[in-house]
Amino acid sequence: MTRYATIPWPLAGIFIAIALVAQDVLLAAFGANPALVQTTYRMLVWTIGISSLVLLLLPPRRAAYLLGFVVCAGLIGWALWLQYGLELDPCPLCVFQRIGVIATGIVFLVAAIHNPGRTGAAFYAALTIIASGIGAAIAAWHVWIQAQPKGSVAACGMGLDYMLETLPLTEVIGRVLRGSGECAEQGWLFLGLAIPSWTFVFFVAMIAAAMALVRRD
């Protein structure tokens, strides 16, 4: 069983107070419309909070891997509902992030079937770091694109299907990562954060869980 150091409530209260003060300082320092700074701060807070909650509630290895797979499947299901239920078509960067979620889910499913020991858990943690790490990097880049002033991002480009049919894979990846008008639209929001921000939080939480499972006996 993994044990974590306890933090006295007064100390936790001080950390919370410092975080709130830091938010006010950041918002004041970056002007009246610090979109990127505010979004980054919110992402940081939610990433720390959800990752900490995941580590506190982490079940034994096999159950944790299975739960991770269920979470990944749920996220893909939610993405499909946004696409077909709310008619929010995913931009190319969103599709790349979906691939990262699917890859992470496959790693968790295989790990749940395998039910590895510490060495195997370290191997699956490495795979999770690769899959979720790439997904987190793409999500962070997507957040940066969405924070740019209107008109500074190129207009809507070719669809991903068309690019895959007509261009080499390396050029497709390059064009997608440069972003386009549809990638700059935030679309669905929850608690002030758009889809790529929440996707980033998810990827980091999955990495934290996979690393903690190495010592979770």
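Me: Hi! Which helix does Leu 55 lie in?
Reply: Hello! Leu 55 belongs to helix α2, which covers residues 35-56. Keep in mind that this is a predicted model.

Me: Good to know. Is Leu 55 buried or exposed?
Reply: Neither, really: Leu 55 has a relative accessible area of 23%, so it counts as partly exposed. Buried would mean under 20%, and exposed over 50%.

Me: And how far apart are the C-alpha atoms of Leu 55 and Leu 213?
Reply: Their C-alpha atoms are separated by 9.2 Å, while along the chain the two residues are 158 residues apart.

Me: Let me step back. How many helices and strands are there in the protein?
Reply: The protein has nine helices and two strands. Going from the N terminus, the order of elements is α-α-α-α-α-α-α-α-β-β-α.

Me: What percentage of the residues count as buried?
Reply: That would be 36% of the 217 residues.

Me: On to packing. At what angle do α4 and α5 cross?
Reply: Helix α4 (residues 92-114) and helix α5 (residues 118-146) cross at roughly 160 degrees, and their axes come within 9 Å. That angle makes α4 roughly antiparallel to α5, since anything over 145 degrees counts that way.

Me: Is that crossing left-handed or right-handed?
Reply: Left-handed, as α4 passes α5.

Me: What about α5 and α9: how far apart are their axes?
Reply: The axes of α5 and helix α9 (residues 195-212) are 8 Å apart, and the packing angle is about 160 degrees. The two helices are therefore roughly antiparallel to each other. The crossing of α5 and α9 is left-handed.

Me: Staying with α5, where is Trp 144, and how accessible is it?
Reply: Trp 144 sits in helix α5. Its relative accessibility is 39%, so Trp 144 counts as partly exposed.

Me: How far apart in space are Trp 144 and Leu 36?
Reply: From C-alpha to C-alpha, Trp 144 and Leu 36 are 6.9 Å apart, with their positions 108 residues apart in sequence.

Me: New topic, the surface. Which residues form a nonpolar patch there?
Reply: Leu 66, Leu 67, Val 70, Val 71 and Leu 75 make up the patch, and together they have about 390 Å² of accessible area.

Me: Which helix is Val 71 found in?
Reply: Val 71 is part of helix α3, residues 61-84.

Me: And why does Val 71 count as partly exposed?
Reply: Because its relative accessibility is 33%, and partly exposed runs between the 20% and 50% limits.

Terms used
Residues are numbered from 1 along each chain as its sequence is written. This is a predicted model: local features need pLDDT of at least 70, side-chain atom pairs count only at pLDDT 80 or more; totals for chains, interfaces and linings use all residues. Side-chain values use heavy atoms; hydrogens and water are left out. Patches are made of residues with over 30% relative accessible area and no salt bridge: like charges are joined within 9 Å, nonpolar side chains (Val, Leu, Ile, Met, Phe, Trp, Tyr) within 5 Å. Accessible areas come from the Shrake-Rupley method with a 1.4 Å probe; for residues, only the protein chains shown count as cover. A salt bridge is a side-chain nitrogen of Lys or Arg within 4 Å of a carboxyl oxygen of Asp or Glu. Helices (H or I, at least four residues) and strands (E, at least two) are DSSP runs, numbered from the N terminus. Buried means under 20% relative accessible area, exposed over 50%, partly exposed in between (1.4 Å probe, protein chains only). Axes are lines fitted to C-alpha atoms, for helices over the stretch in contact, and angles run from 0 to 180 degrees between N-to-C directions. Angles under 35 degrees count as roughly parallel, over 145 as roughly antiparallel, 65 to 115 as roughly perpendicular and the rest as oblique. A crossing is left-handed if the near helix is turned anticlockwise from the far one by less than a right angle, and right-handed if clockwise.
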